[in-house]
Amino acid sequence: RNILSIHLPEGLESVGYCAFLACDSVVTISLPNSLTDFNDGFRKMRGLKTIKFPQQMKSISASAFVDCTALEELYIPEGIERIEFDAFGRCYGLKHVYLPQTLKVIERGVFWMCKGLEEITIPAGVEEIGDYAFYHCDSLKKVTLGKGIKVIGDYAFQYCASLEKASLSEGVTYIGMSAFQGCSVLSEITIPSTVTELGSSVFYECYALTEIAIPAGTASIPY
């Protein structure tokens, strides 16, 4: 219970399920380049404030840091290409996230219910935002999507109640079901001309939205 810092050695390839579960005294953890599999490995480390990622790591494992509620700032270094599902889910204290230009994949629920997150910029290399990726990020005010985004998944920004503006670049072809549902103060959004399909209830309960321009090439608007 008195451990404040963990430094994992080079050569370590995997960390088992819940290996450091509820090690609440740990403030800093350093990961080695050799680590490739750490699903759920650092779950519920409620005192964790700093994660030191290695420069050669390519992906962040699923549910790796879920429920690390003291984490406030997250700097993901260049070289990371994939963040797997639920990696930082329910990190309630997370306010600032810096994503690398090398990032290509944001999977399902990566930042869901990060209630302190205020702003996010998605790099140009990301083509798809997974379902529920930013679900219920209550403090999220601004979203800037990179020019590579083609798909915004189902429920991606559902119930982001503070979201005022979302900048969508040309190239987006699909906006998923309930993607912006419950964004009650969203007043400005531009749907790119490249969008061909909208999921159901995309802007349901967006009470502040006064005008939406649907692109000419949109083939389907469901219920």
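The legends below describe close-up views of a predicted model. Residues are numbered from 1 along each chain as its sequence is written, and side-chain values rest on heavy atoms, with hydrogens and water left out. Local features require pLDDT of at least 70 and side-chain atom pairs count only at pLDDT 80 or more, whereas totals for chains, interfaces and linings use all residues.

**View 1. An open sheet of 3 strands with parallel pairing.**
The strands follow the order 1-2-3, where strands are DSSP runs of E with at least two residues, numbered from the N terminus, and two strands pair if DSSP finds at least two bridges between them. Strand 1 (5–7) and strand 3 (50–52) stand at the edges with a single partner strand each, so one side of each is left without a neighbour in the sheet. Neighbouring strands of this sheet are turned by 5° against each other on average, direction ignored, with axes taken as lines fitted to C-alpha atoms and angles running from 0 to 180 degrees between N-to-C directions. Strand 1 is joined to strand 2 (residues 28–30) by 3 bridges, and the two run parallel; Ser5 has Thr28 in strand 2 as its bridge partner.

**View 2. An open sheet of 7 strands, also described by parallel pairing.**
Here the strand order is 4-6-8-10-12-14-16. Strand 4 and strand 16 occupy the edges, each with a single partner strand, so one side of each is left without a neighbour in the sheet. Within this sheet, 2 bridges join strand 6 (residues 82–83) to strand 8 (residues 105–106), which run parallel, and Arg82 stands opposite Val105 in strand 8.

**View 3. Cys68 and Ser63 in the loop between strand 4 and strand 5.**
This loop runs between strand 4 (59–60) and strand 5 (73–75). Cys68 has 0% relative accessibility and therefore counts as buried, a class that means under 20% relative accessible area, with exposed over 50% and partly exposed in between (1.4 Å probe, protein chains only). Leaving aside neighbours within four places in sequence, Cys68 is in contact (heavy atoms within 4.5 Å) with Phe42, Lys44, Met45, Leu48 and Cys91. Ser63 is likewise buried, with a relative accessible area of 4%, and, with the same sequence neighbours set aside, Ser63 is in contact with Asp40, Arg43, Phe85, Asp86 and Ala87.

**View 4. Ala22 and Asp40, two residues with positive phi.**
Most residues other than glycine have a negative phi. Ala22, although not a glycine, has a positive phi of about 60°; Ala22 lies in the loop between strand 1 and strand 2 and is partly exposed at 39% relative accessibility. Asp40, also not a glycine, has a positive phi of about 60°, but Asp40 is found in the loop between strand 2 and strand 3 and counts as buried at 11% relative accessibility.

**View 5. A nonpolar surface patch made by Ile212, Ile214 and Ile221.**
The patch covers about 260 Å², with accessible areas from the Shrake-Rupley method with a 1.4 Å probe and, for residues, only the protein chains shown counted as cover. Patches consist of residues with over 30% relative accessible area and no salt bridge, nonpolar side chains (Val, Leu, Ile, Met, Phe, Trp, Tyr) being joined within 5 Å and like charges within 9 Å; a salt bridge is a side-chain nitrogen of Lys or Arg within 4 Å of a carboxyl oxygen of Asp or Glu. Ile212 lies in the segment after strand 16 (197–198) and is partly exposed, with a relative accessible area of 35%.

Technical notes:
Helix = DSSP H or I, 4+ residues; strand = E, 2+ residues; numbered from the N terminus.
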